[in-house]
Amino acid sequence: MEDCIFCKIIKGEIPSKKLYEDEFVYAFYDINPEAPVHFLVIPKEHVKSANDLNEKNMNVVSHIFKVINKLVVELGVSESGYRIVNNCGVDGGQTVNHMHFHVLGGRNLQWPPG
Ligand code: 5GP
Ligand code: ZN
């Protein structure tokens, strides 16, 4: 989708620190990390938010979790623990309107969020 920064990252038009890529997903480090480990996993197909998941496109969510499963092992936080976050919409704190899953780890995260 034009004017979507994450679509541009997928296409290589905006540089990113890539962790993983396949036919369906792209994973990269967050530009503004909130934890020692903070990366994002996004579908290559432009899906605006979790609200826009449907029978046709929601298989990508299980694929995203599979990729997260692999990356947390590689980055050494699978045992210490981590948090998977999907912000949806204005009240959810979503600032980029291309659905993404944050993965945060490497420190003790507080709960509840603000
Ligand atoms: P949201 O607030 O929508 O849940 O999360 C968007 C995330 O994308 C933020 O954590 C922000 O730091 C990250 N982000 C925004 N623009 C860029 C970018 O150009 N490159 C990378 N790597 N991360 C970005
Ligand atoms: Zn997009």
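# Questions on a predicted zinc-binding model

Reader: At what distance, N to O, do the side chains of Lys 44 and Glu 21 meet in a salt bridge?

Author: This structure is a predicted model. A salt bridge requires a side-chain nitrogen of Lys or Arg within 4 Å of a carboxyl oxygen of Asp or Glu. The side chains of Lys 44 and Glu 21 form such a contact, with an N to O distance of 2.8 Å.

Reader: How many residues apart are Lys 44 and Glu 21?

Author: Glu 21 belongs to strand β1 (residues 18-21), whereas Lys 44 sits in the loop between β3 (37-43) and α2 (59-74). The pair therefore links distant parts of the chain. Along the chain, the separation of Lys 44 and Glu 21 is 23 residues.

Reader: Which residues are joined into one network by salt bridges that share partners?

Author: Glu 21 meets the side chain of Lys 44 in one salt bridge. Glu 21 also meets Lys 18, at 2.7 Å from N to O. Through these shared partners, one network is made of Lys 18, Glu 21 and Lys 44.

Reader: Does Lys 18 count as buried, partly exposed or exposed?

Author: Residues are buried under 20% relative accessible area and exposed over 50%, with partly exposed in between. The relative accessibility of Lys 18 is 47%, and therefore Lys 18 counts as partly exposed.

Reader: How many salt bridges does the structure hold?

Author: Besides those of Glu 21 with Lys 18 and with Lys 44, a salt bridge joins the side chains of Lys 11 and Glu 13, at 3.9 Å from N to O. Lys 11 and Glu 13 are both exposed. For the structure, the number of salt bridges is four.

Reader: What is the geometry of the site of the zinc ion (ligand 2)?

Author: The zinc ion (ligand 2) is coordinated at 2.0 to 2.3 Å by Cys 4 (SG), Cys 7 (SG), His 46 (ND1) and His 98 (ND1). Four donors count as tetrahedral if all angles lie between 85 and 135 degrees. The angles among the four donor atoms here are 104 to 116°, and the site is tetrahedral.

Reader: How are the donor residues of the zinc ion (ligand 2) spaced in sequence, and how many residues apart are Cys 7 and His 98?

Author: The spacing of the donor residues is C-x2-C-x38-H-x51-H. Cys 7 lies in helix α1 (residues 5-11), and His 98 lies in the loop between α3 (89-92) and β5 (101-105). The pair links distant parts of the chain, with a separation of 91 residues.

Reader: Are Cys 7 and His 98 buried or exposed?

Author: The relative accessible area of Cys 7 is 5%, and that of His 98 is 0%. Both values fall under the cut-off of 20%, so Cys 7 and His 98 are buried.

Reader: Why is β3 largely enclosed by the rest of the structure?

Author: Val 37, Phe 39, Val 41 and Pro 43 point one way from β3, while His 38, Leu 40 and Ile 42 point the other way. In a regular strand, side chains alternate between the two faces of the sheet. Residues on both sides of β3 are buried. The strand is largely enclosed because its buried residues number seven of seven.

Reader: In which sense do β3 and β5 pair?

Author: Strand β2 (residues 25-29) runs antiparallel to β3, with five bridges joining them and Tyr 26 opposite Ile 42. On pairing with β5, β3 places Leu 40 opposite His 102. The pairing of β3 and β5 is made over five bridges, and its sense is antiparallel.

Reader: Which element gives the most to the lining of the largest pocket?

Author: The largest pocket holds about 740 Å³ of space and is lined by 32 residues, with Asp 30, Asn 32, Glu 34, His 38 and His 102 nearest its centre. At least two lining residues come from each of α1, β2, β3, β4 (82-85) and β5. With three residues, the element that gives the most is α1.

Reader: Which residue has a positive phi although it is not a glycine?

Author: Most residues other than glycine have a negative phi, and most peptide bonds are trans. The peptide bond from Trp 111 to Pro 112 is cis, with omega near 5°. A positive phi, of about 65°, occurs at an exposed residue in the segment before α1, namely Asp 3.

Technical notes:
Residues numbered from 1 in each chain as written. Chains lettered and ligands numbered in written order. Predicted model: local features only at pLDDT ≥ 70, side-chain atom pairs only at ≥ 80, totals over all residues. Heavy atoms only, no water. Donors = N, O, S within 2.8 Å, 3.2 Å for Na, K, Ca; no water. Tetrahedral: all angles 85-135°; square planar, octahedral: opposite > 155°, others 65-115°. Helix = DSSP H or I, 4+ residues; strand = E, 2+ residues; numbered from the N terminus. Buried < 20%, exposed > 50% of the residue type's maximum accessible area, 1.4 Å probe, protein only. Pairing = 2+ DSSP bridges. 1 Å grid on protein atoms, 1.4 Å probe; cavity = no way out; pocket = protein on both sides within 12 Å on 5 of 7 lines; lining within 4 Å. Points joined across faces, edges and corners; volume = space filled by probe spheres on them.
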